[in-house]
Amino acid sequence: MALINAWHFLVNYPEKVAAATGEHILLTLIAAAIAVSMGVALGIYISGKGREEIAATVLYVADIAMTVPSMALFGLLMLILAAMTLPTLGLLPAIIALVIYGQLPILRNTYTAIQAVDPAMIEAAKAMGMNNRQLLTKVELPLAIPVIMAGVRTAVVLIISIATIAALFGAGGLGGLIFRGINNGRMDLIIIGAVGVSILALLTDFFMSRVERWVTPKGLKQR
């Protein structure tokens, strides 16, 4: 019966489902873009020589952030933003929370991947006269891309799932249908929201796997 009601709602109110899906995608895109940019850049920075202590501290902080329950993090952000006289509801707190949750997989994979590059290849590149920037862009990053992209895929799917909770704080998205269904005893809305988030996560993971294959150097694909 709930499935039939869900289908009827989807047929009768497609604009509402489309609007919630669009809000979820927009929130995810913004948060993922910021998280990937920050995570990869910071991961590259802490992987440099002589930055072992900084790397340990940054990864430890990211580990701690991941252990904080999402509801608690949203609540803490609301208090901080209120103290700064910034909006406590809507996109801003949601994006900040999602960026924080997306950092660990990207940071750790970027750092680990660059650290795992064969030292012999680095020495060979230096012998060819490459400077540090050329070494990073032409040797280290191309070899690290598969591992970095694995972290990005994990982070993006994580952001999609946690973005569901952001609906409680006025960010909209498919989570709004789920919580509306919970509050009103509407199983059809819960099904539509939950299935929508699941489909979005699966499609995104598939798309990211294609991107990962596209950006991976040909030699690594063959290996």
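What percentage of the 223 residues of the chain count as buried? The share is 39%.

## Overall picture

This is a predicted model. The chain has 10 helices and zero strands. Read from start to end, the pattern is therefore α-α-α-α-α-α-α-α-α-α. Along the principal axes, the C-alpha atoms fill a box of roughly 70 × 45 × 25 Å.

Contacts in the chain can be sorted by how far apart the two residues lie in sequence. Among those with a separation of 6 or more, 72% join residues 24 or more positions apart.

## Helix α4

Helix α4 covers residues 70–83. Its 14 residues should span 20 Å at 1.5 Å a residue, and the C-alpha atoms at its ends are 20 Å apart, so the expected and computed values agree.

Which residues of α4 are buried? They are S70, L73, F74, L77 and L81. Around the axis these residues cover an arc of only 100°, so they sit on the same side of α4. The cover over this buried side includes α5 (91–115) and α7. The face turned away from it carries L79 and A83, which are exposed. After the helix comes T85, which has a positive phi, near 55°.

## The two aromatic pairs

The structure holds two aromatic pairs. One is formed by F9 and Y13, with 5.1 Å from centre to centre and 40° between the planes, and this pair is tilted. Its two members are not equally accessible: F9 is buried at a relative accessible area of 5%, whereas Y13 is partly exposed at 36%.

The other pair is F74 with F169. Here the ring centres are 4.7 Å apart and the planes meet at 15°; because planes under 30 degrees apart count as stacked, this pair is stacked. Both partners are buried, F74 with a relative accessibility of 1% and F169 with a relative accessible area of 9%.

Why does the pair of F74 and F169 tie together separate parts of the chain? F74 lies in helix α4, while F169 is in the loop between α7 (132–162) and α8 (174–184), so the pair links parts that are 95 residues apart in sequence. F74 is also one of the buried residues of α4, and α7 is among the elements that cover those residues.

## Around Y13, F9 and D188

Y13 has a further neighbour besides its aromatic partner. K16 lies over the face of the Y13 ring, 4.6 Å from the ring centre.

F9 is in turn touched by D188. D188 belongs to helix α9, residues 187–215, and is buried, with a relative accessible area of 7%. Which residues does D188 touch, leaving aside those up to four places away in sequence? They are A2, N5, A6 and F9. Through its side chain, D188 also makes a polar contact with the side chain of R186, at 3.0 Å.

## Summary

The chain has 10 helices and zero strands, and 39% of its residues count as buried. In α4, the buried residues lie on the same side of the helix, and one of them is F74, which stacks with F169. The tilted pair of F9 and Y13 has K16 over the face of Y13 and D188 in contact with F9.

Methods. Residues are numbered from 1 along each chain as its sequence is written. This is a predicted model: local features need pLDDT of at least 70, side-chain atom pairs count only at pLDDT 80 or more; totals for chains, interfaces and linings use all residues. Side-chain values use heavy atoms; hydrogens and water are left out. Rings of Phe, Tyr and Trp (its six-membered ring) pair if their centres lie within 6.5 Å; planes under 30 degrees apart count as stacked, over 60 as edge-to-face and the rest as tilted. Buried means under 20% relative accessible area, exposed over 50%, partly exposed in between (1.4 Å probe, protein chains only). Helices (H or I, at least four residues) and strands (E, at least two) are DSSP runs, numbered from the N terminus. A charge sits over a ring if NZ of Lys or CZ of Arg is within 6 Å of the ring centre and within 35 degrees of the ring normal. A polar contact is a pair of N or O atoms within 3.5 Å; within protein, one must be able to donate a hydrogen and the other to accept it, and residues adjacent in sequence count only if both atoms are side-chain atoms. Contact means heavy atoms within 4.5 Å. The expected span of a helix is 1.5 Å times one less than its number of residues. The arc is that of the directions from the helix axis to the C-beta atoms.
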